[in-house]
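I opened this notebook to look up how a few parts of the structure sit against each other. The entries follow in the order in which I checked them.

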Amino acid sequence: MSMRLFETAGLTGIYDKAMSGTRLSAEDGLALYENPNLNAVGALANIVRERMNGNLTYYVRNQHINYTNVCNKGCKFCAFYAQKGGPDPYTMSIDDVKNRLRMHLDVPIKEVHMVAGINPKLPYQYYLDLLRAVKETRPGVHIKAFTCVEIVEIQRQANKPLAEVFADLREAGLDSLPGGGIEILSDRVHMELFDRKIDGAEWMEISKAAAEAGLLQYATMLYGHIETIPERVEHLVKMRALQDETKHFVTFTPLSFHPEGTQLSHLPHPTGDGDLRNIAISRLMLDNFQHIKTFWIMNTPQVSQLAQWYGADDLDGTIHEYEITYKDGEQGNKSQVLTRPQLVELIREAGRTPIERDSFYNEVEATDELHDPVRQAQKSHAPIPLAVMN
Ligand code: SF4
């Protein structure tokens, strides 16, 4: 990489830190957000990305279940919950969930991701039955479920200490917690956009309790609404500090805000510059997170392809149904799928090596037509086949 790129961008100080593995400060984070040279910021992030994850880009075969859109929180940035003039209310029965899972039994899905609204009519037993139903229908699958906001509601229904709730949920099948729930760790944004949900301090307490209960968690940041650049940096610094303490976060995913259908529909749509920049700065600031994900549902497959050179080493997965953000703003289009060949092609075309993973980034053995001779040679230390090298 030419030093000239970083010199002309005024980034030699941050380049030196990135090269020596020195932690970036909040001031460095602000400087990266304000730097007009996106390619230089991305190239810096790529140095760190390749040092941590080489040429590999991960993906997972997963399925999302959003079990209810009934919600009493009324977050202003949310287009998912049932409201007048918006989506009709639904709550899946346990049989509905089983049937949804059975629709894809032909696909060797490794992870079921379940998040939903806060429906106060759902009793504690519903959540336990939900987990058990997934494990019964899909034995061995990893269940990533319930944001910290859902955990608060589940504990309220259970009416017992959080540690006991986590023990019950784990016994029923819960394997990890997703990110989300706090959106951005800013009291100002919390008060303006989602004041009926827990605040940042409470979110962090629940996250710590999850870590103490032995659960791993995934972390996110929702950006592009009313938050300021210093608030984004503050979020990254706080997440990094929490990870220093708990070491229980697996991946960080910057999530771009899509205003359509929300109370903030007057705000602009995400841009490619914004999405790539947030991925790159997350990679540079979060030196204690092994993986940075580009969530293609929000960033689009096209931007996600480029993001692999701006710090991202994970494209998420096949998804199947996702009801929270719709493709191209199409309300009601629940089917949002990239097939495995499509994901692999997005990664290969970008010049990266696709690796199918489980929820903890263990490599899943390739057993079908996507058998990659380069990867096989790398794994067996055999010479790479000449036909492939050509
Ligand atoms: S973001 Fe979650 S908690 Fe807030 S309104 Fe939407 S579904 Fe409810």
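Entry one, a helix pair. I note that the model is a predicted one. I looked up helix 12 and helix 13 and found them oblique to each other. This label follows because an angle that is not under 35 degrees, not over 145 and not within 65 to 115 counts as oblique. For this pair, helix 12 covers residues 272-285 and helix 13 covers residues 296-307, and they pack at an angle of about 60°. Their axes are 10 Å apart.

I then checked the hand of the crossing of helix 12 and helix 13, which is right-handed.

Which residues make the contact? From helix 12 I listed G272, D275, L276 and I279. From helix 13 I listed M298, N299, V303, L306 and A307. Sorted by class, the contact of helix 12 with helix 13 comes to 6 nonpolar, 2 polar and 1 charged residues.

Entry two, a sheet. I asked in what order the strands of the open sheet run. The sheet has 3 strands in the order 9-1-10, and the pairing is parallel. I marked strand 9 (314-317) and strand 10 (353-356) as the edge strands, since each pairs on one side only. On average, neighbouring strands of this sheet are turned by 25° against each other, direction ignored.

Entry three, one pairing in that sheet. I looked up strand 1, residues 56-60, which pairs with strand 9 in the parallel sense over 2 bridges. For V60, I found that the bridge partner in strand 9 is G317.

Terms used. Residues numbered from 1 in each chain as written. Predicted model: local features only at pLDDT ≥ 70, side-chain atom pairs only at ≥ 80, totals over all residues. Heavy atoms only, no water. Axes fitted to C-alpha atoms, helices over the stretch in contact; angles between N-to-C directions. Helix = DSSP H or I, 4+ residues; strand = E, 2+ residues; numbered from the N terminus. Left-handed = near helix turned anticlockwise from the far one by under 90°. Contact = heavy atoms within 4.5 Å. Nonpolar A, V, L, I, M, F, W, Y, C, P; charged D, E, K, R; others polar. Pairing = 2+ DSSP bridges.
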